[in-house]
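Visitor: I would like to talk through the side-chain contacts of a protein model. Could you take me round it?

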Amino acid sequence: MSTGFSLELRRFADLPGWEEDDPSELVPALLRCRDHIRHRKPYKTGSLGIRADELLPAMDAAGGLKIDSAADARRFFETYFVPFLIRKDDGNPGFVTAFYEPDVDVSAEPDDIWKYAFYRRPDDLVDIDDHNRPSSMPAGYAFGLLRDGQISEYPDRRDIDEGYLEGRGLEIAWARSKADVFFAHVQGAARLVFRDGTSQRITYAAKAGHPFSGIGGRLIELGEITRENMSMGAIREWLSRNPARADELYWHNRSYIFFREEEMGDPQLGPVAAAKVQMTPGRSLAVDRSIHTFGCPFYIQSDSLTRVDSGKKFRRLMLALDTGSAILGPARGDIFTGSGPEAGDRAGSVRNDANFFILVPAAIAGRFAP
């Protein structure tokens with residue numbers, strides 16, 4: 001098991017708010033994960049040690065269920081899973097943020113207004129691991145530049161903004177706002193709305209490799225926005241008031257995201273996540289993939305978080321379906337709030353302490369119990 005935390009056995013009756021939760025939407029989400037595991041590729045096992053095949057019995061059972069009520073759904077999870085509190089060794093609680101899928105107006109052709117591109121993955125970007133990483137490259141880099149048989153760091157956000165990729169035919173579409181492109185990078189996905197009214201989903205394909213540096217934190221450091229007033233809306237307002245300093249702020253985050261086009265799929269669901277299935281709004285969680293395995297349910301309790309669930313305390317069962325470079329640690333999560341501007345409003349300033357309970361398949365719960 002990973003160091004830095006332990007698991008403490010709990011009963012479902014111990015989960016605050018469990019009897020009021022309705023996890024019915026997670027049953028079809030489990031089936032989507034099952035189909036991926038069986039017909040495409042099992043999910044990578046995190047260091048906690050829960051394997052994808054160990055999730056399959058519960059997922060198969062979900063396929064034969066008739067869910068008529070929230071109580072039916074809760075009963076299913078109570079039958080096939082056992083909850084454990086994730087206790088961090090440092091004594092601090094877990095922490096949640098939130099993300100969403102923005103709608104971005106775009107054009108299929110550039111002009112003087114539509115001039116900020118969304119790019120596909122370039123062919124000189126290569127995956128990096130311990131076998132091909134140059135000794136001078138930091139261990140955190142998962143991508144690099146391959147040129148003349150040599151691997152080095154890929155050009156960063158400033159280099160790309162200043163034209164490194166121009167003329168290579170990698171553009172998916174052009175937005176009229178650099179802020180829209182930047183925030184789509186932060187979210188890792190977007191719904192592009194073209195001028196003829198058609199829509200296209202794009203989702204994360206790769207990154208340039210450089211570490212993510214939050215521009216919100218930078219604005220706090222500069223004294224431009226207080227920590228208490230920090231939100232996505234506050235950042236956008238600052239950018240609109242300070243156009244001459246915008247690039248300075250964007251370039252503080254050297255990380256750059258490349259996208260791929262995706263089928264729209266079920267419009268009621270979110271984009272395809274790292275788990276290769278569409279996300280369920282309000283019920284999908286990004287986790288640290290090095291520790292946790294996609295498809296695992298988590299019960300998240302945050303009494304200070306009320307903006308996501310119509311003013312109520314956030315106490316909800318979720319499914320681990322995504323990950324992110326800023327999502328690090330055993331009790332760190334990013335809540336997917338949905339698509340469009342209202343979902344963006346819900347996600348905007350979520351930065352809350354939370355308790356994380358992982359639901360372990362009942363058949364293997366003995367491995368984790370004291």
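Guide: Gladly, and one term first: buried means under 20% relative accessible area, exposed means over 50%, and partly exposed is in between. Please keep in mind that this is a predicted model.

Visitor: Are Tyr154 and Phe258 buried or exposed?
Guide: The cut-off for the lowest class is under 20% relative accessible area. Tyr154 falls in that class, and Phe258 does too. Both residues are therefore buried.

Visitor: What kind of aromatic pair do Tyr154 and Phe258 form?
Guide: Their ring centres are 6.2 Å apart, and the planes meet at 80°. Planes over 60 degrees apart count as edge-to-face. The pair of Tyr154 and Phe258 is therefore edge-to-face.

Visitor: How many residues apart in sequence are the parts that this pair of Tyr154 and Phe258 ties together?
Guide: Tyr154 sits in the loop between strand E8 (150-152) and helix H4 (157-161). Phe258 belongs to strand E12 (residues 257-262). The pair therefore ties together parts whose separation in sequence is 104 residues.

Visitor: How many aromatic pairs does the structure hold?
Guide: Rings count as a pair if their centres lie within 6.5 Å. One of the pairs is Phe84 with Phe368, with centres 6.3 Å apart and planes at 65°, so this pair is edge-to-face. Phe84 lies in strand E2 (residues 81-88) and Phe368 in the segment after strand E17 (352-361), so the contact bridges 284 residues of sequence. For the structure, the number of aromatic pairs is 16.

Visitor: Which residues do ring pairs link into a cluster?
Guide: Ring pairs can share members, and here they bring together a tryptophan, a tyrosine and phenylalanines. The cluster consists of Phe12, Trp18, Tyr299 and Phe357.

Visitor: Turning to charges, how many salt bridges does the structure hold?
Guide: Side chains of opposite charge can pair when their charged atoms come close. Among the salt bridges here are Asp90 with Lys88, at 4.0 Å from N to O, and Arg245 with Glu248, at 3.9 Å. The number of salt bridges in the structure is 36.

Visitor: How far apart are the closest N and O atoms of Asp72 and Arg75?
Guide: Both residues lie in helix H3 (residues 70-80), three residues apart, or about one turn of the helix. Arg75 is partly exposed, with a relative accessible area of 46%. In the salt bridge of Asp72 and Arg75, the closest N and O atoms are separated by 3.0 Å.

Visitor: Is Arg245 buried or partly exposed?
Guide: Its salt-bridge partner is Glu248, which at 46% relative accessibility counts as partly exposed. Arg245 has 27% relative accessibility, so its class is also partly exposed.

Visitor: Which residues do salt bridges join into one network?
Guide: Salt bridges that share partners make up this network. Its members are Arg34, Asp35, Arg38 and Asp60.

Visitor: What is the relative accessible area of Lys44?
Guide: Lys44 is in the loop between helix H1 (26-39) and helix H2 (52-63). On the surface, Lys44 gathers with Arg40, Lys41, Lys276 and Arg289 in a patch of positive charge. Lys44 is partly exposed, and its relative accessible area is 48%.

Visitor: How far apart in space are His131 and Glu221, C-alpha to C-alpha?
Guide: His131 is found in the loop between strand E6 (125-127) and strand E7 (143-147). At 78% relative accessibility, His131 counts as exposed. In sequence, His131 and Glu221 are 90 residues apart, and in space their C-alpha separation is 38 Å.

Notes:
Residues numbered from 1 in each chain as written. Predicted model: local features only at pLDDT ≥ 70, side-chain atom pairs only at ≥ 80, totals over all residues. Heavy atoms only, no water. Phe/Tyr/Trp six-rings, centres within 6.5 Å; stacked < 30°, edge-to-face > 60°. Helix = DSSP H or I, 4+ residues; strand = E, 2+ residues; numbered from the N terminus. Buried < 20%, exposed > 50% of the residue type's maximum accessible area, 1.4 Å probe, protein only. Patch = residues over 30% accessible without salt bridge, like charges linked within 9 Å, V, L, I, M, F, W, Y side chains within 5 Å. Areas by Shrake-Rupley, 256 points an atom, 1.4 Å probe, with all protein chains shown as cover. Salt bridge = Lys/Arg side-chain N within 4 Å of Asp/Glu carboxyl O. Lys, Arg positive; Asp, Glu negative; His and termini not counted. Charge placed at Lys NZ, Arg CZ, Asp CG, Glu CD.
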